[in-house]
Amino acid sequence: MTTWTALTTLAAEAPARALAAQMDELLDPAPTGIGCFEIEDGSGRWEVGGYFTEMPDEAGLALLAVMHGARPFAVSKLADRDWVAQVRRELHPIETGRFVVHGAHDAHRVGPNVHALAIEAAMAFGTGHHATTQGCLWLIDRLARAGWRPRRVADIGCGTGVLAMAAASVWRVPAMASDIDPVASATARANAAANGLSGFVRALTAPGFRHERLRREAAYDLVLANILAAPLKRLAPDIHRHLAPGGRAILSGLLTTQAPGVLAVYQSHGFRRVDRRRIGEWTSLLLEKA
């Protein structure tokens, strides 16, 4: 199937979300999917993108860009390609601490005495290959090696569920996994089943902690959140509220330049920094609730 994309950038979150909403309401043909997210370069700018199975209305896109103060849309036609199959071919096993994250086609390459997590490339974030995921896995492994043990874990913005599965694998404790995207929560559920962890990992569709089951299972000893700087700052009060005293939080999705700002917000809510992991230009934080 031929696909077109239309992408633009804006200076702030509010106009970006307003533009994304109007793309769905006003364009004909309507986009089959819309993305709206903060660009991970520290600029604070947001990208809005639409995906179309027919040539989009460029005049309508131009009008929407002017209305919302966005840059002109860049419209591109994508060649037919099985992107998931291509990603599966190109991904290789990643070893971080005692964890090895791999695709099913690489299971034979995994050695003994490790926590192997099979994650298939899919329409959800988190194959274990990004530095932010690796940083979180490294910090989970560091906690485990130090003899620390949680009773309950929550993975907020779980994507494929790799972090929830890592915690469940090493500690054999209940791990709640939530994501705002129902495709992601379904992917996490399927991955947990494929790894024999369905009895430990429960995947839900919810923004942040806004699900009755998530609130009912609190307080958590460990909260994992590998998302972006801005939503991490907004989540600080909720993470503090749902953590047990002395509980830990592992935060990632942060450029190293963004980490001090996020840390300052969490310190203002009663957290202290225990550790951090830098990989390239990315930083993952381990915090403790006082």
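## Close-up views of a predicted model

**View A. The two sides of helix α2 in this predicted model.** Helix α2 runs over residues 58-68, and its buried residues are G60, L61, L64, A65 and H68. They span an arc of only 140° around the axis, so they end up on the same side of α2. Turn to the other side of α2 and you find A59, L63 and V66, which are exposed. What do the buried residues of α2 pack against? Their partners are β1 (3-10), α1 (13-26) and β4 (74-78).

**View B. Where α2 starts and what follows it.** At the start of the helix, D57 points a side-chain oxygen at the backbone nitrogen of A59, reaching to within 3.2 Å. That same A59 is one of the exposed residues of α2. After α2 comes G69, and its phi is positive, near 70°.

**View C. A tilted ring pair, F209 and Y220.** Searching the whole structure turns up 3 aromatic pairs. In the one shown here, F209 and Y220 have 6.5 Å from centre to centre and 40° between their planes, and the pair is tilted. F209 belongs to the loop between β10 (201-205) and α7 (212-217), while Y220 is in strand β11 (residues 220-226), so the pair ties together parts 11 residues apart in sequence. Are these rings' residues buried or exposed? F209 counts as buried at 2% relative accessibility, and Y220 counts as buried at 0%.

**View D. An edge-to-face pair, Y266 and F271.** Here the ring centres are 5.4 Å apart and the planes meet at 65°; with over 60 degrees as the cut-off, the pair is therefore edge-to-face. Y266 is buried, with 0% relative accessibility, and F271 is buried too, at 5%.

**View E. A charge over a ring: R277 and W138.** The charged end of R277 sits over the ring of W138, and the distance to the ring centre is 4.5 Å.

**View F. Salt bridges inside two helices.** Side chains with opposite charges can pair up when their charged atoms come close. The model has 11 salt bridges in total. One of them joins D141 to R145, with 2.8 Å between the closest N and O atoms. Both residues are in helix α4 (residues 131-145), 4 residues apart, which puts about one helical turn between them. D141 is buried, with a relative accessible area of 4%, whereas R145 is exposed at 56%. In helix α8 (residues 229-242), R241 and D238 are 3 residues apart, again about one helical turn. Their closest N and O atoms are 2.2 Å apart, and they form a salt bridge. R241 is exposed, with a relative accessible area of 54%, and D238 is partly exposed at 22%.

**View G. A salt bridge between strands, plus a network.** E288 pairs with R272 in a salt bridge whose closest N and O atoms are 2.7 Å apart. This one links distant parts of the chain: E288 is in strand β14 (residues 282-289) and R272 is in strand β13 (residues 271-279), 16 residues apart. E288 is buried, with a relative accessible area of 16%, while R272 counts as partly exposed at 46%. Which residues make up the network of salt bridges? E13, R17 and R234 are the ones linked in it.

Notes: Residues numbered from 1 in each chain as written. Predicted model: local features only at pLDDT ≥ 70, side-chain atom pairs only at ≥ 80, totals over all residues. Heavy atoms only, no water. Phe/Tyr/Trp six-rings, centres within 6.5 Å; stacked < 30°, edge-to-face > 60°. Buried < 20%, exposed > 50% of the residue type's maximum accessible area, 1.4 Å probe, protein only. Lys NZ or Arg CZ within 6 Å of the ring centre and 35° of its normal. Arc of directions from axis to C-beta. Contact = heavy atoms within 4.5 Å. Polar contact = N/O pair within 3.5 Å; in protein donor to acceptor, adjacent residues only side chain to side chain. Salt bridge = Lys/Arg side-chain N within 4 Å of Asp/Glu carboxyl O.
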